[in-house]
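Colleague: Please take a close look at the interior of this protein and explain, in terms suitable for a first-year student, how its parts come together there.

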Amino acid sequence: MLKPCPRCGSDNISVTHHLYESQSLYGAQFPKHEVVLLVMIHCKDCGAAITKNNTEEAYKAWNDLER
């Protein structure tokens with residue numbers, strides 16, 4: 001369960017999931033391709049937002065923000 005927005009106190013919060021793909025090179029012979037699922041929690045009223053690597057981290061970070 002998410003707490004209200006730490007900035008404005010609103011309960012108008014969205015949780016979205018985004019696939020992020022990156023390709024970085026570790027030398028010409030070792031290309032590394034990564035796909036990461038990012039979770040964003042966003043207040044639709046004031047715009048406060050956080051993004052983390054998984055749902056558990058995102059919820060914990062949002063709920064731990066100072067109010």
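Modeller: Two residues are said to be in contact when heavy atoms of one lie within 4.5 Å of heavy atoms of the other. The model to which this term is applied here is a predicted one. Among the contacts in the protein with a separation of 6 or more, 40% are made by residues 24 or more positions apart.

The general plan should come before the interior. The protein has one helix and three strands, and their order along the sequence is β-β-β-α. It contains 67 residues, of which 18% count as buried. Its accessible surface is about 4,900 Å², and carbon and sulfur atoms account for 52% of that area.

The interior itself can now be considered. The largest nonpolar core has eight residues: Cys5, Val39, Ile41, Cys43, Ala48, Ile50, Ala58 and Trp62. Two elements, strand β2 (31-43) and helix α1 (55-64), each contribute two or more residues to this core. Of the elements, β2 gives the most, namely three residues.

Several members of the core also show how distant parts of the chain meet. Cys43 is a good example. Neighbours within four places in sequence being set aside, Cys43 is in contact with Cys5, Cys8, Ser10, Asn12, Ile13, Ala48 and Trp62. Three of these partners, Cys5, Ala48 and Trp62, are themselves listed as members of the core.

Trp62 can be followed from the other side, through Lys3. Lys3 belongs to the segment before β1. Although Lys3 and Trp62 are 59 residues apart in sequence, their C-alpha atoms are 7.5 Å apart in space. Beyond its neighbours up to four places away, Lys3 touches Ile13, Trp62, Asn63 and Arg67. Lys3 is classed as partly exposed because its relative accessible area is 41%.

Strand β3 (residues 49-52) also reaches this region, as Ala49, which lies in it, shows. With residues up to four places away excluded, Ala49 touches Met40, Ile41, His42 and Trp62. Since its relative accessibility is 42%, Ala49 counts as partly exposed. The C-alpha atom of Ala49 is separated by 9.5 Å from that of Ser14, a residue 35 positions away along the chain.

Ser14 is located in strand β1. This residue counts as buried because its relative accessibility is 15%. Its contacts, apart from neighbours within four places in sequence, are with Met40, Ile41, His42 and Lys44. Met40, Ile41 and His42 therefore appear in the contacts of both Ser14 and Ala49, where contact means heavy atoms within 4.5 Å.

The cysteines of the region deserve separate attention. In general terms, a disulfide is a covalent bond between the sulfur atoms of two cysteines. How many disulfides does a search of the whole structure find? The search finds zero. Cys5 is in no disulfide, and its nearest cysteine sulfur, which belongs to Cys46, is 3.6 Å away. Why is this pair not counted? The two sulfur atoms would have to lie within 2.5 Å of each other, and the 3.6 Å from the sulfur of Cys46 to that of Cys5 is therefore too far for a bond. The two cysteines also have their own degrees of cover. Cys5 is buried, since its relative accessible area is 3%, whereas Cys46 is partly exposed, since its relative accessible area is 28%.

For contrast, two features on the outside may be added. On the surface, Leu19, Val35 and Leu37 form a nonpolar patch, and together they have about 300 Å² of accessible area. Leu19 lies in strand β1 (residues 13-25). Because its relative accessibility is 65%, Leu19 counts as exposed.

The second feature concerns charge. A search of the whole structure finds one salt bridge. In this salt bridge the side chains of Lys60 and Asp64 meet at 2.6 Å, N to O. Both residues are in helix α1, four residues apart, which is about one turn of the helix. Lys60 and Asp64 are both exposed. Helix α1 thus contributes two or more residues to the core, and it also holds both partners of the salt bridge.

Note on methods. Residues numbered from 1 in each chain as written. Predicted model: local features only at pLDDT ≥ 70, side-chain atom pairs only at ≥ 80, totals over all residues. Heavy atoms only, no water. Buried < 20%, exposed > 50% of the residue type's maximum accessible area, 1.4 Å probe, protein only. Areas by Shrake-Rupley, 256 points an atom, 1.4 Å probe, with all protein chains shown as cover. Patch = residues over 30% accessible without salt bridge, like charges linked within 9 Å, V, L, I, M, F, W, Y side chains within 5 Å. Salt bridge = Lys/Arg side-chain N within 4 Å of Asp/Glu carboxyl O. Core = buried A, V, L, I, M, F, W, Y, C linked by side-chain atoms within 4.5 Å.
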